[in-house]
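Hi,

Here is the structure I promised to send over. Have a look at it first, and then read my notes below.

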Amino acid sequence: MNLTAVFAALGLDTACLPAVSANWERSVASLPSALPDFLEPGFLAAHYPLVQGPPAAFGPLCEVAARLAADPAGRLLAWHAHRTLCEYDREKSRFREWPDLDAFLGPDAGLFYLLIALSGIPDWLRACRDAGIPEQYGRDCAPWLGGAMGIYAGANGGRYGLNRRQLYWTAWYMTGKLFRLGRFEYMSQEIGSAYPTVYRERTSGRVVALCNSGWLLDREGFCLYADQPPEEAHRVTELADDGTVVTGTPIAPWGQALPEITARLPRREWERVLGPGDFAPGVHIPSGGGMTLLAAADSLRRAEAFYRQYLPAQPVKAFVCASWIFNTQLEEVLPESNLSVFMRQLYLTPWRSSGRDGLFFIFGREDGDRSQYPRDTSIRRALLQILDSGRRLRVGGMVLLPGHLPHLGE
């Protein structure tokens, strides 16, 4: 069956044909004669509980799988989506350009992409085994899907499913680079120049983060928004090291660069402890609440031990993150929240932002009339309060050196 015929049979938007067409022939040629295992009820019974999603979603999920299994076009599209996620592109796949399946599956359409996400779990576990890491670390990643189901429900009247734009994230679990340890996930990575270069004073242990060259700062010391032209920058930063003295624009630990100040650090007194190219796992904070300082500290300490035990070849120089969660505006609006308490334990840094950062993860959408957005939680009210004041939302970065882990909370 060719792809055009599949789209016609399922009533899909033909504008999505180019996005789906990549590797289509490979999928057609490899379609098994037996039912793909991820469409079997037993597979779903074994893997859906790992997600920790709503138990009531299991029945509709099985019904969607059965409908796909019984329809030749549906079965072939599901197989192609599975292969695209797990085999062809992995984290590079462009599922946000794929179609909705409302015409075929009605209100359960979002469960198609949840089903495809579940189909990859055996590959998550295989990636752990191949890396010599216990499979449990792969299973522990699955609750991210439960949180993503909550995001989908928030934008779709409480219905069950997964937004297709989030499906790509599950492919990272197949790479052996992303693991969950307690409250947080950790991406094995070498950082680039969007994170600062950090120096530590040899005698006192004090640290200072400096902007790398080329950061575009406004007068307040935040990065320009992505849609602002470079000529609007108040300061274009430069980091220089002549072998004797390092000079650059310093960053205050509460997340603002100080564009009017030039720091001068004698190399005999200060050592570089973090910079571009260094191994610094990226912290990802799945939805789900309960991000107390105790839970955050426990996760970070477990991560330090995990990397020391299972990936010792790359010593961790720092834990880093760039997220709407570290928007310093939230500390102003929600000063006593778990998030703000955690932020005050970290070295925060500016980051390039879109102005809508966080809306999708909290509301499941970032378009439409914001006056219609619900204000039923403190974080929803906080984001809308910032926007109602005429400001734009921001992303913030954070850096935490391993030597500071014992002092979290102090």
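The protein has 17 helices and 15 strands; these are DSSP runs numbered from the N terminus, with helices being H or I over at least four residues and strands being E over at least two. Bear in mind that this is a predicted model, where local features need pLDDT of at least 70 and side-chain atom pairs count only at pLDDT 80 or more, while totals for chains, interfaces and linings use all residues. Residues are numbered from 1 along each chain as its sequence is written, and side-chain values use heavy atoms, leaving out hydrogens and water.

**Overall shape**

The radius of gyration is 23 Å, which agrees with the value near 22 Å that a compact globule of 410 residues would have. That radius is taken over C-alpha atoms, and the globule rule is 2.2 Å times the number of residues to the power 0.38. Along the principal axes, the C-alpha trace spans about 70 × 50 × 35 Å. Of the 410 residues, 50% count as buried (under 20% relative accessible area; exposed is over 50%, and partly exposed is in between, with a 1.4 Å probe and protein chains only). About 17,900 Å² is exposed, and carbon and sulfur atoms supply 50% of that (Shrake-Rupley method with a 1.4 Å probe; for residues, only the protein chains shown count as cover). Among contacts (heavy atoms within 4.5 Å) with a separation of 6 or more, 71% come from residues 24 or more positions apart.

**One helix and one sheet**

Helix α6, residues 72-88, is mostly covered, with 14 of its 17 residues buried. At its N-terminal end D71 acts as the cap, with a side-chain oxygen 2.9 Å from the backbone nitrogen of A73.

Then there is an open sheet of three strands in the order β7-β8-β10, paired antiparallel. Its edge strands are β7 (240-241) and β10 (263-266), each pairing on one side only. Strand β8 (residues 245-248) pairs with β10 over four bridges, and G248 stands opposite A263 in β10. Two strands count as paired if DSSP finds at least two bridges between them.

**Salt bridges**

The structure holds 20 salt bridges, meaning a side-chain nitrogen of Lys or Arg within 4 Å of a carboxyl oxygen of Asp or Glu. Here are some to look at.

- D123 and R126 have their closest N and O atoms 2.5 Å apart. Both residues sit in helix α9 (residues 121-130), three residues apart, about one turn of the helix. D123 counts as buried because its relative accessibility is 14%, whereas R126, at 38%, is partly exposed.
- R267 and D241 come to 2.3 Å between their closest N and O atoms. R267 is in the loop between β10 and β11 (270-274) and D241 is in strand β7, so this pair ties together parts 26 residues apart in sequence. R267 is partly exposed at 26%, and D241 is partly exposed at 39%.
- R375 and D388 have their closest N and O atoms 3.0 Å apart. R375 lies in the loop between α16 (359-363) and α17 (378-388), and D388 lies in helix α17, so the pair ties together parts 13 residues apart in sequence. R375 is partly exposed at 40%, while D388 is exposed at 52%.

Finally, R129, E135 and R139 are joined into one network by salt bridges that share partners.

Cheers

Methods
A polar contact is a pair of N or O atoms within 3.5 Å; within protein, one must be able to donate a hydrogen and the other to accept it, and residues adjacent in sequence count only if both atoms are side-chain atoms.
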